[in-house]
Amino acid sequence: MNVATATIPDDIALPAWLKECLIEHRSPLACAEPDPTPSDISLVCQAFDFAYCLHQGQKRASGEPYIAHPVAVAGLLRDLGGSAPMIAAGFLHDVIEDTDVTGEEIEQRFGSEVRRLVEGVTKLSKFNFSSKTERQAENFRRMFLAMAQDIRVIVVKLADRLHNMRTLEHLADDKRRRIAMETREIFAPLANRLGIGRFKWELEDLSFKYLEPDAYKQIKKLVADKRTDREARLELVTDTLRERLDQLGIHCYDISGRPKHLYGIYQKMQRQQKSFEEIYDIAAVRVIVDTNDECYRTLAVVHDAFCPIPGRFKDYIGLPKPNRYQSLHTAVMGTTGRPIEVQIRTLEMHHVAEYGIAAHWKYKEAGNSHTRLSTDDEKFTWLRQLLDWQNDLKDAQEYLDSVKNNLFADDVYVFTPTGDVVALGQGATPVDFAYRIHTEVGNHCAGARVNDRMVTLDTVLKNGDIVEIITQKNSHPSLDWLNFVVTPGARNRILQWYKRSHRDENLQRGREMLEKELGKRGFEALLKSSPMQAAAERCNYQSAEDLLAALGYGEVTLNLVLNRLREAIKATQPIAPAPPAEEVQTLLMPSNAPAPAAPSHGKDSPIAGVEGLLHSLAKCCNPVPGEPIIGVVTMGSRGISIHRQGCSNTESIPGDRLIPVSWNPVDSKQARPHTYPVEVEIDVIDRVGVLKDILSRLSDYRINVRSAQVKTVPGQTAKINLGIDIVDHAQLERTFTQIRKMSDVIKLRRVSEVNE
């Protein structure tokens, strides 16, 4: 469509800014481009025209035309002050995924910058919490790599997610909860890390609405009911401050009260175990002035007019948050005897607090106008750490845990002896500090001084501490450090040192594990073969030796190695007739695997879809209720074998031998629920009583332990193998969560896991 003759479509209500852009060619830009060129305006108009034509006929779950979604996303980016290419990417962010348009065509029409943003968001659209752990971790890695290349990619994705959350009511309940959970766990913290406060607050409140609907409605009602009293209290405070500031000649852009967002109030109630009536500071007064100097003068006025509450003052101007948030926060006792929070900032600080990274886009001077990660930019320290872990953490679950912990971490600010500020997580110790300075400083840490006093390495650091690390050439990490370090970076570096220093032992253990499964015959030749090298590369290792060492350490599972090896062998073989079903069934299965469970015909079978048929639960994957399952018709006399979906032993089974099955609902009146065996392997710090502590925690949750075995080697971590009885998948997840919280536990995994 020609922009000069662009018409307003009559099937969608367009926002005023877009109408002006299409009809009168007015600037669509808010603040990022003070002097937009005609080509900028033309780019936005053409992007809308192109998206409108491509999405014509498509509908959203609500029934409205699909183009309404890209228009809303582009509007959010415009409100953030996005440039013309960003707004264009907002219109086009779904076209590669939902239409036949390619990245090459987008570049031809709109330029390489728009293509880069659209392709980056398209890759992130595959990010999904319902995926398997390994795929989920890989999508994380891709997401942070895309952010490092162009930070605006994630801003476009956040705008996309925010509008989807605003229209979530049109989806099924289970899908709403899944999307709300991933929004709360990942996207809201990302918005916070980027400093985009307006996105963060709304994403949290919308997630709260769907994850805890009853609590959301209750707090929303309570906030509305108290609105009149709250506004009256705030008006007294604002009038008093405005009068005093006028007398001193301090110009205020704004003095206003605002309620805290609902999820913030809910979090405070949960954290402090208080009722709504006991949370007094549910509203804050915001004062916006001209300069930093006036911020501190205003603080003096506030403390003179009202009684300050001790310990409730925070100076984020002198010590900004990692996302560059700046403001003075203080709490005072209001005229009605209730605490009121007062925030004081400049107009520029307010803009950064609302728009975050969008308030100060950084472009390369060489002509490429995309925002790259700068190695000396402290705003992205957390992102650089996530990128550093890409190569260090091969275990998917460990990587995911590190990502979530780093996104949610509250910060403690400490100083180096030269006065540099270092931000660490709450509860950080001198060892965490040492590894934040440099890996070698951490690896050779022998002691620490805090505020010129010698302290133990497990001392918890506080805001304002001056920390000095004492190093010695012959010092090395201790596994005991894992008991008290809190930052993922320190923990991962300690484990990396341990793996490197015990490589020979890990390599030998990995060889023995693989040889036990595959047999001695031809084993050495297999290790030197091209399929073995291919399997190593598929697992992100450079050589077969690296893969075996990782297997011996527990960084990858035996099941994953066997699956990758089988895939590599198949890729090197010519297409041949399918092997007998019995051979497929036992391919690469453990030589010492127990026989399948006794088949059953009973009416009270937990499996739906096999009524009256001989069936049994497969021992290769031990499915439990709550996990998706599939039935396999066996060739022998064992009837139907029930596997977890994704079990490696079902991948080569012909489709005509697979039957859909599911779990029958559990009878709540059953006096003693049926349990299912699960084998668990735990890596722990080797100390006296650790097994007893784990068993005690399992006993507290009424988990029966059928077997327990401990393997210890001096100077290394211990391995605990447990056989436990589980009612369903939800109970298994709760059990794993409780065990992982124990400080001595390094790694926890389910034995004979399906390929993830």
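This passage walks through the fold of one protein chain, as seen in a predicted model.

The overall picture comes first. The protein chain contains 29 helices and 21 strands. Of its 756 residues, 50% are buried. Contacts between residues at least 6 apart in sequence can be sorted by how far along the chain they reach, and 67% of them join residues at least 24 apart.

A good place to begin a closer look is strand 6, which covers residues 339-346. In this strand, 8 of 8 residues are buried. The burial applies to both faces: P339, E341, Q343 and R345 are buried on one side, and I340, V342, I344 and T346 are buried on the other. Strand 6 also has pairing partners. Strand 2, made of residues 283-289, runs parallel to strand 6 and pairs with it over 6 bridges, and here R286 stands opposite Q343. Strand 5, made of residues 328-333, is joined to strand 6 by 6 bridges as well, but these two strands run antiparallel. Across this pairing, L328 faces I344 of strand 6. Strand 5 and strand 6 together form a hairpin with 5 residues between them. Within the turn, G337 has a positive phi of about 80°.

Further along the chain is an open sheet of 3 strands, arranged in the order 10-9-11 with antiparallel pairing. Its edges are strand 10 and strand 11 (467-471), each of which pairs on one side only. From one strand to the next, the twist averages 35°. Strand 9 and strand 10 are antiparallel neighbours linked by 3 bridges, and one residue pair to look for is A448 with its bridge partner V455 in strand 10. Helix 19, residues 430-437, lies across strand 9, strand 10 and strand 11, and runs at about 80° to strand 11.

The loop between strand 9 (445-450) and strand 10 (453-455) holds D452. The phi of D452 is near 70°, a positive value in a residue that is not glycine. Is D452 buried or exposed? D452 counts as exposed because its relative accessibility is 71%, which is over the 50% cut-off.

Helices can pack against one another too. Two packed helices are described by the angle between their axes and the distance between the axes. Helix 22 (residues 503-518) and helix 25 (residues 544-553) pack at an angle of about 90°, and their axes are 6 Å apart. Helix 22 is therefore roughly perpendicular to helix 25. On the helix 22 side, the residues in contact include R503, L507, M513 and L514, while those of helix 25 include E545, L548, L551 and Y553. Sorted by character, the residues of this contact comprise 7 nonpolar, 3 polar and 5 charged.

A second residue with a positive phi is N622, at about 45°, although N622 is not a glycine. N622 sits in the loop between strand 13 (615-617) and strand 14 (629-633). N622 has a relative accessibility of 16%, so it counts as buried, the cut-off being under 20%. In the sequence position just before N622 comes C621, whose backbone oxygen lies 3.1 Å from a polar atom of the R644 side chain. R644 belongs to strand 15 (residues 640-644). With a relative accessible area of 7%, R644 is buried.

Another open sheet completes the tour. This sheet has 4 strands in the order 19-20-18-21, with antiparallel pairing. Strand 19 (704-711) and strand 21 (745-750) are the edge strands, each pairing on one side only. The twist from one strand to the next averages 20°. Strand 18, residues 676-684, runs antiparallel to strand 21 and is joined to it by 5 bridges; E681 stands opposite R749 of strand 21. Helix 28 (residues 690-700) packs on the sheet and touches strand 18, strand 19 and strand 20 (718-726), its direction making about 20° with that of strand 20. Helix 29 (residues 729-740) lies across strand 18, strand 20 and strand 21, and runs at about 165° to strand 21.

Notes. Residues are numbered from 1 along each chain as its sequence is written. Side-chain values use heavy atoms; hydrogens and water are left out. Buried means under 20% relative accessible area, exposed over 50%, partly exposed in between (1.4 Å probe, protein chains only). Axes are lines fitted to C-alpha atoms, for helices over the stretch in contact, and angles run from 0 to 180 degrees between N-to-C directions. Angles under 35 degrees count as roughly parallel, over 145 as roughly antiparallel, 65 to 115 as roughly perpendicular and the rest as oblique. Contact means heavy atoms within 4.5 Å. Ala, Val, Leu, Ile, Met, Phe, Trp, Tyr, Cys and Pro count as nonpolar, Asp, Glu, Lys and Arg as charged, and the others, Gly among them, as polar. Two strands pair if DSSP finds at least two bridges between them. A polar contact is a pair of N or O atoms within 3.5 Å; within protein, one must be able to donate a hydrogen and the other to accept it, and residues adjacent in sequence count only if both atoms are side-chain atoms.
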